[in-house]
Amino acid sequence: MTIARLLAQLRERERLIEQLADPNLHNKRRAKLTERLVGLADLTQVTLVVADEASMIDLASIHALLRYMPAGSRLLLVGDEAQLPPVNFGLLYHRLVEEETMTARLTVVHRQTESSGIPPVAAAIRAGRMPTLAPYAGLGKGVSMLKTALDDLARTVERVWEELGGQEAKALIVTATNNGVAGIRGLNKRLHGRHVDQFGLAELKGYLGEWFSVGDPVVFLRNDYAKGLFNGLLGRVISIDCEARSCVVQFDGYDEPHEIGPNNLIDLALAYAITCHRGQGSEAPAVVVPLYRSRVLDRSWLYTAVTRAENQVVLVGSEAVLREAIARPLAVERRVVGLQWKACRRVGPMTQITSPMG
């Protein structure tokens, strides 16, 4: 489960236990509260909490989690310090992993096979070296590049995405910004319009300029514990009801589809293209990466984007932008934090495992 869901269950457990401590509580009410405790997460003295994708975890989330961990419980952080830091404040994992006495390093890549050609390129980017890239030649394996002018970037990205199989092959576009020449809003609008025109589909009007049709890839934008849906969850629209202003979405990893009604429609967005931060932790068979100048574009961003792919990555844009991104200081190095780990070493038992391309 996500850390957000775990914390929600721990807070609910804490609240229910406080109510059960009331000596004047009616027996029937006590039985109902006790029943609700069943199935909620619980951390005990022998619990090992494994936090995957730990490079994404912000300071507030770690603090909240540690508050619920009793003496004797342990926390294992698993992640890749070369990936992007958390969106929110703080920088914990990237600092803790510098402590060699408590860190185990894995060297085997599991997401991509060596034959895919992705690991050597990702390793070069991770180390701050310009990789050797083959020219793009259509559907295949490995990391290639297609050079194009900035004013033709969006159109070229669309063409490459289609050649890699588009939505049928679950090809994904990972881009740097929400707006701009190849931002997610423009690309999503462009590819949604293409999808609607191609199949003559009806459209459901969402919020904030979003429109949805059957077959559109989508992403959920917040944690909804009642529905069991979480921020960043990817899926596909399987039906729409324009009159009721609702749609049904089959989310990845769920056996049953979910209805997204008018109250939740604002939490849904198109996901032909997503930002790298949104895609961190996700994967796709093939990934298209538009290259254009942005403050967030550095080698940690590029490394994270490239390692979202299982088989093929196509970088589209300017080689000069690529070189600039690899040469820029890491986002981690540009973030100012006050954590002094050596002064805080006795806070509690923690272990990190750092794994490349996780």
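In this predicted model, strand β6 (residues 172-175) pairs with β14 in the parallel sense, over 3 bridges. Within this pair, I173 of β6 faces A273 of β14 across the strands. Helix α7 (residues 184-199) packs on the sheet here, where it touches β6, β14 and β15 (284-291). The direction of α7 makes about 165° with that of β14. The two strands belong to an open sheet of 6 strands with parallel pairing, and a walk across it follows the order β4-β5-β16-β15-β6-β14. At its edges stand β4 (134-135) and β14 (273-275), each of which pairs on one side only.

A second open sheet is built from 5 strands, and here the pairing is antiparallel. Its strand order is β12-β11-β10-β9-β13. Because β12 (258-260) and β13 (268-270) each have a single partner strand, one side of each is left without a neighbour in the sheet. On average, and ignoring direction, neighbouring strands of this sheet are turned by 45° against each other. As general background for reading the strand partners that follow, side chains in a regular strand alternate between the two faces of the sheet.

It helps to follow this second sheet strand by strand. Strand β10 (residues 234-241) is joined to β11 by antiparallel pairing over 6 bridges, and D241 lies opposite S246 of β11. The hairpin made by β10 and β11 has 4 residues between the strands, and R245 takes a positive phi near 50° in this hairpin. Next comes the pairing of β11 (residues 246-251) with β12, also antiparallel, over 3 bridges. Two residue pairs can be picked out along it: V249 is placed opposite H258 of β12, and V248 is placed opposite E259 of β12. The hairpin of β11 and β12 has 6 residues between the strands, and in it G253 adopts a positive phi near 85°.

Between the two edge strands of this sheet, the loop from β12 to β13 holds D267. Although it sits in a loop, D267 counts as buried, because its relative accessibility is 10% and the cut-off for buried is under 20%. Which residues does D267 contact, once its neighbours within four places in sequence are left aside? The contacts are with V219, F220, L221 and R222.

Turning to the helices, α5 (residues 118-126) packs against α9 (residues 299-306) at an angle of about 165°, and their axes lie 9 Å apart. This angle makes α5 roughly antiparallel to α9, since angles over 145 degrees count as such. The crossing of α5 past α9 is left-handed. On the α5 side the contact is made by I118, A122, I125 and R126, and on the α9 side by R299, L302, Y303 and V306. Sorted by class, this contact has 6 nonpolar residues, 2 charged residues and no polar ones.

Several residues of α5 are buried, namely I118, P119, V121, A122, A124 and I125. What covers these buried residues includes α9 itself, together with β5 (142-147), β16 (309-317) and α10 (319-327). Of these, β5 and β16 are also strands of the 6-stranded parallel sheet. An α-helix has 3.6 residues a turn, so residues three or four places apart point the same way. Just after α5, G128 takes a positive phi of about 80°.

A further helix pair is formed by α1 (residues 3-20) and α2 (residues 27-37), whose axes come within 10 Å and cross at roughly 155°. With that angle, α1 is roughly antiparallel to α2. The crossing of α1 and α2 is left-handed. From α1 the contact draws on E12, R13, R15, L16, I17, Q19 and L20, while α2 supplies R29, R30, L33, T34, R36 and L37. The residues of this contact divide into 5 nonpolar, 2 polar and 6 charged.

Methods: Residues are numbered from 1 along each chain as its sequence is written. This is a predicted model: local features need pLDDT of at least 70, side-chain atom pairs count only at pLDDT 80 or more; totals for chains, interfaces and linings use all residues. Side-chain values use heavy atoms; hydrogens and water are left out. Two strands pair if DSSP finds at least two bridges between them. Axes are lines fitted to C-alpha atoms, for helices over the stretch in contact, and angles run from 0 to 180 degrees between N-to-C directions. Angles under 35 degrees count as roughly parallel, over 145 as roughly antiparallel, 65 to 115 as roughly perpendicular and the rest as oblique. A crossing is left-handed if the near helix is turned anticlockwise from the far one by less than a right angle, and right-handed if clockwise. Contact means heavy atoms within 4.5 Å. Ala, Val, Leu, Ile, Met, Phe, Trp, Tyr, Cys and Pro count as nonpolar, Asp, Glu, Lys and Arg as charged, and the others, Gly among them, as polar. Buried means under 20% relative accessible area, exposed over 50%, partly exposed in between (1.4 Å probe, protein chains only).
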